[in-house]
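User: Please take me through this model one question at a time, setting out the reasoning before each result.

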Amino acid sequence: SGGRDPMAWQAEIDQLKAEAREVEQALATDRDRLAAVEADRIRLETSLNGEEQALATARQAHADLREGKVRLQGEVTALRTRARAAEDEIGRLTTAWLAAQERAAKAAAEFAALESEVAGLDAGEIDLDAAHEAAAAALSRAEEGLAALQEEERETERQRSAAAARRDALALGLDRKDGAGALLAAGNRLSGLLGTVAELVRVEPGFETAIAAALGAAADAVAVRSLADAAAAIALLKAEDGGRAGLLVGGAEAAPQASYALPDGARAAFDVVEADQPLLGALSRLLDHTVIVTDAQAAQRVVRDDPELRAVTREGDVFGAGWSAGGSTSAPSLLEIRAAHSEAEQLLDELSHRADRLRFALSGAIEEVGARREDLEAAVNALHESDARLAAVAERLGQLGAAARATAGESERQARAVEE
């Protein structure tokens with residue numbers, strides 16, 4: 001805030017008080033001088049009376065004294081005139097001094113009030129600066145949070161688009177164009193048709209490739225309720241030249257429960273699948289004496305120890321005493337495609353939920369940024385109002401300084417007049 005230094009202003013007031021004291025001292029000196037003049041007048045009047053008496057007794061003899069008397073009377077008159085003028089001047093100076101004292105007291109009171117106001121404004125200015133900095137920092141944090149949410153939303157949408165594209169691509173792989181597809185298309189004419197094995201069999205996550213290899217062609221097969229339904233399906237394919245299809249026949253009796261020791265780290269293949277009751281018997285026969293191991297070395301040990309067993313690795317290589325199959329990754333089975341499609345759909349659902357949550361959070365973040373901007377605008381307006389008040393106080397201080405200088409000049413003139 002601008003304006004004159006309050007200490008300088010106080011110094012001028014103190015100087016004015018000192019000059020007022022000098023005026024009082026000059027008045028006291030004038031009073032002493034007036035008292036001396038008055039005493040002189042009384043002495044002269046006494047002398048005049050004496051001279052008049054002497055003149056009355058010696059009027060005839062001392063004519064020359066008459067002229068002296070007249071002269072003395074003129075001097076007394078002049079002294080009386082001077083005394084009255086001195087009294088009038090003392091009265092005028094006293095009145096002016098009292099007025100100067102009153103103006104000085106008023107100036108001191110106004111200065112004290114302004115000093116308190118300036119102190120309050122300075123403290124308020126500090127608080128307003130702190131509030132402005134806090135509002136600006138809060139807005140910066142809100143904008144950073146909004147930017148982070150926007151970036152996360154863009155990344156989530158990118159991942160969501162990729163997951164949707166993968167799901168759609170996998171869905172195309174589920175759309176069969178072979179004999180199985182022809183059977184599924186004619187499902188309303190085949191009452192015993194249950195669906196694809198990939199849809200009806202649930203595999204423990206991580207074992208899909210191994211189970212698809214263990215099931216072989218059955219992994220891509222269509223499930224029917226009974227052997228008669230299987231015969232009807234085959235007849236339909238022949239009649240309509242629909243191609244060939246594998247059929248998993250429901251209602252089959254479960255394979256006899258075999259007793260064999262599982263090597264460390266191995267799982268019975270049937271233990272990692274689930275299905276409805278009509279298909280369990282067929283699955284148990286397809287996966288009978290089949291174990292899942294970690295790698296080819298473990299599979300070889302299993303078959304050497306028990307040639308009746310068939311070992312399948314997690315990567316889909318099949319090892320048996322009279323038959324083995326494997327190699328590089330081939331086209332995924334329908335079972336694997338169905339598992340990947342389900343996984344893609346689950347991921348897409350999760351990303352969609354995350355996108356919804358982010359949109360909700362973005363709405364709140366946008367409102368937060370708006371609120372913080374309003375707070376910053378209010379803080380800026382408060383600073384502008386404070387600056388305006390400080391400018392008004394500075395103007396008042398300037399006016400008070402001019403008045404103080406005028407009062408000091410008047411006091412100096414009065415002091416010079418008293419000295420003269």
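User: In which sense do E8 and strand E9 (residues 318–319) pair?

Analyst: This is a predicted model, in which local features need pLDDT of at least 70 and side-chain atom pairs count only at pLDDT 80 or more, while totals for chains, interfaces and linings use all residues. Residues are numbered from 1 along each chain as its sequence is written, and side-chain values use heavy atoms, with hydrogens and water left out. Strands (E, at least two residues) and helices (H or I, at least four) are DSSP runs numbered from the N terminus, and two strands pair if DSSP finds at least two bridges between them. E8 and E9 are joined by two bridges, and the sense of their pairing is antiparallel.

User: How many residues lie between E8 and E9 in the hairpin that they form?

Analyst: Within this pairing, Ala-311 stands opposite Phe-319 in E9. The turn includes Gly-316, which has a positive phi of about 95°, and the number of residues between E8 and E9 is four.

User: What is the handedness of the β-α-β crossover from E7 to E8?

Analyst: Strand E7 (residues 290–293) runs parallel to E8 (residues 310–313), with four bridges joining them, and Val-293 has Thr-313 as its bridge partner in E8. From E7 the chain passes through helix H8 (residues 296–305) before it reaches E8. A crossover is right-handed if, with the strands pointing away from the viewer, the path from the first strand over the helix to the second runs clockwise; the crossover here is right-handed.

User: Why is His-289 classed as partly exposed, and what is its relative accessibility?

Analyst: His-289 is found in the loop between H7 and E7, and its phi is positive although the residue is not glycine, near 55°. Most residues other than glycine have a negative phi. Buried means under 20% relative accessible area and exposed over 50%, with partly exposed in between (1.4 Å probe, protein chains only). His-289 counts as partly exposed because its relative accessibility is 22%.

User: Which helix supplies the largest share of the largest nonpolar core?

Analyst: A nonpolar core is a set of buried Ala, Val, Leu, Ile, Met, Phe, Trp, Tyr and Cys residues joined through side-chain atoms within 4.5 Å. The largest one has 26 residues, and Val-201, Ile-211, Leu-215, Leu-248, Val-273 and Ile-292 touch the most other members. Helices H4 (197–200), H5 (208–215) and H7 (277–286) each supply at least two residues of this core, and the largest share, five residues, comes from H5.

User: Which residue of E8 numbered above 310 does Ile-292 touch alongside Arg-314?

Analyst: Contact means heavy atoms within 4.5 Å, and residues up to four places away in sequence are not counted for Ile-292. Among the residues that Ile-292 touches are Phe-207, Ala-210, Ile-211, Ala-266, Arg-267 and Val-272. E8 spans residues 310–313, and the partner asked for is Val-312.

User: At what angle does H7 run to E4?

Analyst: Three strands form an open sheet of mixed pairing in the order E1-E3-E4, with E1 (193–196) and E4 (247–249) as the edge strands, each pairing on one side only. Axes are lines fitted to C-alpha atoms, for helices over the stretch in contact, and angles run from 0 to 180 degrees between N-to-C directions. Helix H6 (residues 227–239) packs on the sheet, touching E3 and E4, and its direction makes about 160° with that of E4. H7 lies across E1, E3 and E4, and its angle to E4 is about 110°.

User: Which residue of E3 stands opposite Gly-195?

Analyst: E1 and E3 (residues 222–224) pair in the antiparallel sense over three bridges. In this pairing, the residue opposite Gly-195 is Ala-223.

User: Why does Thr-156 count as buried, and what is its relative accessibility?

Analyst: Thr-156 lies in helix H2, which spans residues 63–174. Leaving aside neighbours within four places in sequence, Thr-156 is in contact with Leu-351, Arg-354, Ala-355 and Leu-358. Thr-156 counts as buried because its relative accessibility is 2%.

User: How far apart in space are Glu-144 and Ala-365, C-alpha to C-alpha?

Analyst: Glu-144 also has its place in H2, but Glu-144 is exposed, with a relative accessible area of 55%. Glu-144 and Ala-365 are 221 residues apart in sequence, and their C-alpha separation is 9.8 Å.
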